[in-house]
Amino acid sequence: MDQLLRVQNFTVSSDGVAAGEDQSLERPFGHAVDPARLFSWAGATASWPNRTEPGGSRGLDDYFARDFGHNIGAEIMGRNKFGPQRGAWRDHEWRGWWGDEPPFHTPVFVLTHHPRPSFTLSDTTFHFVDGAPADVLARAREAAQGKDVRLGGGVTTVREFLDADLVDALHVVVTPVELGSGLRLWDSPDELLDRFHLEVVPSPSGVTHHLFWRR
């Protein structure tokens with residue numbers, strides 16, 4: 001079976017915005033975007049990895065939250081997802097937003113034009129790579145040892161790999177919040193229908209799951 005490049009649980013507003021401009025340490029998703037509003041569907045599930053107390057919903061949303069790590073052997077992410085710094089790495093003490101126990105549990109390839117040594121936290125090793133999407137994907141597939149590779153975002157990175165026609169499956173959660181401005185995944189999901197099949201599944205929570213798979 002081929003190793004798929006998969007986008008999972010990628011959440012956008014009803015007008016296609018996934019992040020705001022001007023990301024900072026205080027506002028990881030940028031100006032005017034409240035991640036609590038975008039990701040409330042996931043935080044309400046029993047399988048949300050950051051849950052600190054028992055409970056949470058079961059059902060459709062929980063199925064997708066639980067599926068996040070299934071058959072994933074590596075992740076690719078953009079530098080903006082890893083942290084707020086730009087340009088040369090001034091602070092090697094910064095090791096991501098996730099603390100000492102990152103939720104990935106696989107090798108992670110961070111796209112950057114500025115070299116930095118790899119490091120390991122718990123069972124996640126971060127590698128900092130510069131290269132074309134196809135070349136980075138080849139490295140990630142090798143590290144994944146036969147499993148699939150997850151394309152973690154942010155939105156600019158997902159668009160880059162979509163434009164290179166490298167994405168095999170895409171799960172986008174559309175939440176009923178209109179943001180008006182920011183970094184857009186799309187103006188309409190119909191933009192992807194020339195290359196992907198699409199199934200749209202509404203959830204009782206109010207979000208809508210868009211499932212794309214390559215034609």
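1. Let me start with Asp61, which sits in helix 3. This is a predicted model, so take everything below as a reading of predicted coordinates. Is Asp61 buried or exposed? With a relative accessible area of 6%, Asp61 falls under the 20% cut-off and therefore counts as buried. Setting aside neighbours within four places in sequence, Asp61 is in contact with Trp41, Thr45, Ser203, Ser205, Val207 and His209. I'd put that residue on screen before anything else.

2. A word on confidence. The protein chain has an average pLDDT of 91, and 93% of the residues score at least 70. Where is confidence lowest in the protein chain, and where is it highest? The low end is helix 1 (residues 35-38), with a mean of 78, and the high end is strand 10 (residues 196-202), at 98. As a general reminder, predicted coordinates should not be read in detail where pLDDT is low.

3. On to the nonpolar cores. The largest of them has 30 residues, and Ile76, Phe161, Val167 and Leu185 have the most contacts inside it. Which elements give two or more residues to this core? On the strand side they are strand 1 (5-13), strand 3 (72-78), strand 4 (107-111), strand 7 (148-153) and strand 8 (169-175), and they are joined by helix 5 (133-144) and helix 6 (155-163). Apart from this core lies another, of 11 residues, including Phe82, Phe104, Val108 and Val110. In soluble globular proteins, nonpolar side chains tend to be buried together.

4. Ile76 deserves a look of its own. Not counting residues up to four places away in sequence, Ile76 touches Phe109 and Leu111, then Val136, Leu137 and Ala140, then the run Val149, Arg150, Leu151, Gly152 and Gly153, and finally Phe161.

5. Val7 is a good way into strand 1, where it lies. Val7 is buried, at a relative accessible area of 2%. Beyond four places in sequence, its contacts are Leu151, Val158, Val167, Ala169, Leu170 and His171. Val7 and Val158 are 151 residues apart along the chain, yet 7.9 Å separates their C-alpha atoms.

6. Also in strand 1 is Asn9, and its backbone is worth checking. Phi of Asn9 is near 55°, a positive value in a residue other than glycine. Asn9 has a relative accessible area of 15%, so it counts as buried. Asn71 likewise has a positive phi, about 60°, without being a glycine. Asn71 is placed in the loop between helix 3 and strand 3. How accessible is Asn71? Its relative accessible area of 32% makes it partly exposed.

7. While you are checking backbone geometry, go to Gly153 and Gly154. The peptide bond from Gly153 to Gly154 is cis, with omega near 0°. Gly154 lies in the loop between strand 7 and helix 6. Gly153 is also among the residues that Ile76 touches.

8. Two loop residues, Leu166 and Pro49, make a useful pair to view. Leu166 is in the loop between helix 6 and strand 8, and at 18% relative accessibility it counts as buried. Its contacts, leaving out residues up to four places away in sequence, are Leu5, Pro133, Ala134, Leu137, Phe161 and Arg214. One of these, Ala134, is 32 residues from Leu166 in sequence and 7.3 Å from it in space, C-alpha to C-alpha. Pro49 lies in the loop between helix 2 (40-43) and helix 3. Its relative accessible area is 58%, so Pro49 is exposed. From Pro49 to Phe68 is 19 residues along the chain, with 9.9 Å between the C-alpha atoms.

9. Last, the second largest pocket, with a volume of about 280 Å³. It is lined by 15 residues, and the closest to its centre are Arg6, Asp67, Ala169, His171 and Leu211. Which elements each supply at least two residues of that lining? They are strand 1, helix 3, strand 8 and strand 11 (208-214). Strand 1 gives the largest share, 4 residues. By class, the lining has 10 nonpolar, 3 polar and 2 charged residues. Ala169 and His171 link back to point 5, since both are touched by Val7.

Key: Residues numbered from 1 in each chain as written. Predicted model: local features only at pLDDT ≥ 70, side-chain atom pairs only at ≥ 80, totals over all residues. Heavy atoms only, no water. Core = buried A, V, L, I, M, F, W, Y, C linked by side-chain atoms within 4.5 Å. Buried < 20%, exposed > 50% of the residue type's maximum accessible area, 1.4 Å probe, protein only. Contact = heavy atoms within 4.5 Å. 1 Å grid on protein atoms, 1.4 Å probe; cavity = no way out; pocket = protein on both sides within 12 Å on 5 of 7 lines; lining within 4 Å. Points joined across faces, edges and corners; volume = space filled by probe spheres on them. Nonpolar A, V, L, I, M, F, W, Y, C, P; charged D, E, K, R; others polar. pLDDT = per-residue confidence, 0-100.
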